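Please open the structure in your viewer and keep the sequence alongside. The tour below proceeds by selections, each followed by a description of what is found there.

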Amino acid sequence: MATSREESLRSYRLFAARDPRVTLGLLPDGGWDEAELLGLMAEKCGVSGDPAHRSGPDVIDPERTLRGLDAFAGRLAAVAARRAPVLFGTGHPHRLLGFYAALADALSAAGCDVLTPAQGRCVDITTRFGLRTYLLDQVRGVAFVREAGAPEGGREPGAHSHSALPVRAVLESAAEAGGPLPELVVGDHGWVCGAGQLGIEAIGLADTDDPALFVGEAEGQVAVAVPLDDGVRSAYYRPLTRYVLNRACLSR
C-alpha cells in the first residue's frame with residue numbers, strides 16, 4: 001500500500017500529543033498514548049502491533065476492510081430506508097470524489113436529500129504553509145474545499161484537507177438557513193470526525209495514518225470507520241463502489 005510504516009507511527013505520535021493536524025476535529029475522551037494507538041490500529045486495520053517494526057510499507061487486512069464496508073453499507077441502507085438527509089464531504093477529492101459521488105447519486109435516487117449548503121463560502125484553515133483561505137465547493141453532491149483563486153475546471157478538483165472546519169461551516173450554514181441538517185455524514189478526515197464530535201452520525205474511510213476515525217469509532221463518536229488505503233488511483237475504488245451499493249441494496 002502507499003502509506004509507509006514511518007508515516008503511520010508519526011501520526012500516532014502526533015495524535016498522542018493532540019496535534020490538530022491528526023486529531024481531525026475529534027476531542028477524545030481517553031488518554032490514547034502511542035502504545036494504545038498502535039494496539040487499536042492493529043485491531044482495527046491489521047497493522048503490525050510490534051513497536052519495534054519501524055519501517056517499510058504498512059498493511060491493511062482486507063478482511064477488516066470488508067467488514068467495515070459491510071457496516072458502512074448498512075448505515076447507507078438505513079438512511080435510504082428513512083429517506084433522511086445526508087451530507088457527503090471529502091478531504092481527498094483527487095482520489096475519492098468518484099466513490100462518494102456514486103453513493104450520493106444512489107441515495108438521491110432513493111429519495112434522500114443530499115445536502116449541498118455553503119457552496120462558495122470561505123474557510124480559513126491553518127496549514128503547514130500558514131493560514132490559507134479555501135472555498136467550499138461541491139461536485140455531484142460531494143463537498144470539498146478548493147484553494148481560493150484556483151480554477152474550477154478539471155476532472156478531479158479540490159484540495160487535500162484534514163481540517164474539520166469545512167464540515168462545521170457547512171453545518172452552520174444549513175442551520176442558519178433553517179435546515180435540514182444531515183442525519184448522516186459520509187466522508188473522511190475532518191468531515192467525519194468533525195461531524196461525529198458534534199453528535200451527528202458519521203461514517204467514513206481511513207488509512208493507517210488516520211487514527212482519529214478509529215479512536216472516534218472506539219469511543220462512539222464515529223459510527224463506522226473503514227480501514228482503506230486512501231492514496232491509490234481513483235479508478236481502483238470502483239469495485240468497492242459496486243460492492244457497497246450492492247450490499248446497501250442501492251444498485252440500479
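Are Phe-99 and Tyr-100 buried or exposed? Select the two residues in this predicted model, and you will find that both Phe-99 and Tyr-100 are buried. The ring centres of Phe-99 and Tyr-100 lie 5.4 Å apart with the planes at 70°, so this pair is edge-to-face.

**Extending the aromatic selection**

Now add Phe-72, which together with Phe-99 and Tyr-100 forms one aromatic cluster. Phe-72 and Phe-99 are both buried, and their rings, with centres 6.2 Å apart and planes at 40°, make a pair that is tilted. If you colour by secondary structure, you will see that this pair links distant parts of the chain, since Phe-72 belongs to helix H4 (residues 62-82) and Phe-99 to helix H5 (residues 93-109), with the two positions 27 residues apart in numbering. The structure holds two aromatic pairs.

**The sheet**

Next, hide the side chains and display the strands. Seven strands form an open sheet with mixed pairing, and they run in the order E2-E3-E4-E1-E5-E6-E7. At the edges stand strand E2 (122-127) and strand E7 (224-227), each of which has a single partner strand, so one side of each is left without a neighbour in the sheet. Averaged over the sheet, and with direction ignored, neighbouring strands are turned by 25° against each other.

Within the sheet, select strand E1 (residues 86-89) and strand E5 (residues 184-188), which pair in the parallel sense over four bridges. To follow one of these contacts in detail, pick Phe-88 and look across to E5, where its bridge partner is Val-186.

**The cysteines**

Finally, select Cys-45 and Cys-193 and show their sulfur atoms. How many disulfides does the structure contain? The count comes to zero disulfides. For Cys-45, which is in no disulfide, the nearest cysteine sulfur is that of Cys-193, 13 Å away, and for Cys-193, likewise in no disulfide, the nearest is that of Cys-45 at 13 Å. A disulfide would require the two sulfur atoms to lie within 2.5 Å. A surface representation can be added at this stop: Cys-45 has a relative accessible area of 0% and is therefore buried, and Cys-193, at 0% relative accessibility, also counts as buried.

Methods. Residues numbered from 1 in each chain as written. Predicted model: local features only at pLDDT ≥ 70, side-chain atom pairs only at ≥ 80, totals over all residues. Heavy atoms only, no water. Buried < 20%, exposed > 50% of the residue type's maximum accessible area, 1.4 Å probe, protein only. Phe/Tyr/Trp six-rings, centres within 6.5 Å; stacked < 30°, edge-to-face > 60°. Pairing = 2+ DSSP bridges. Axes fitted to C-alpha atoms, helices over the stretch in contact; angles between N-to-C directions.
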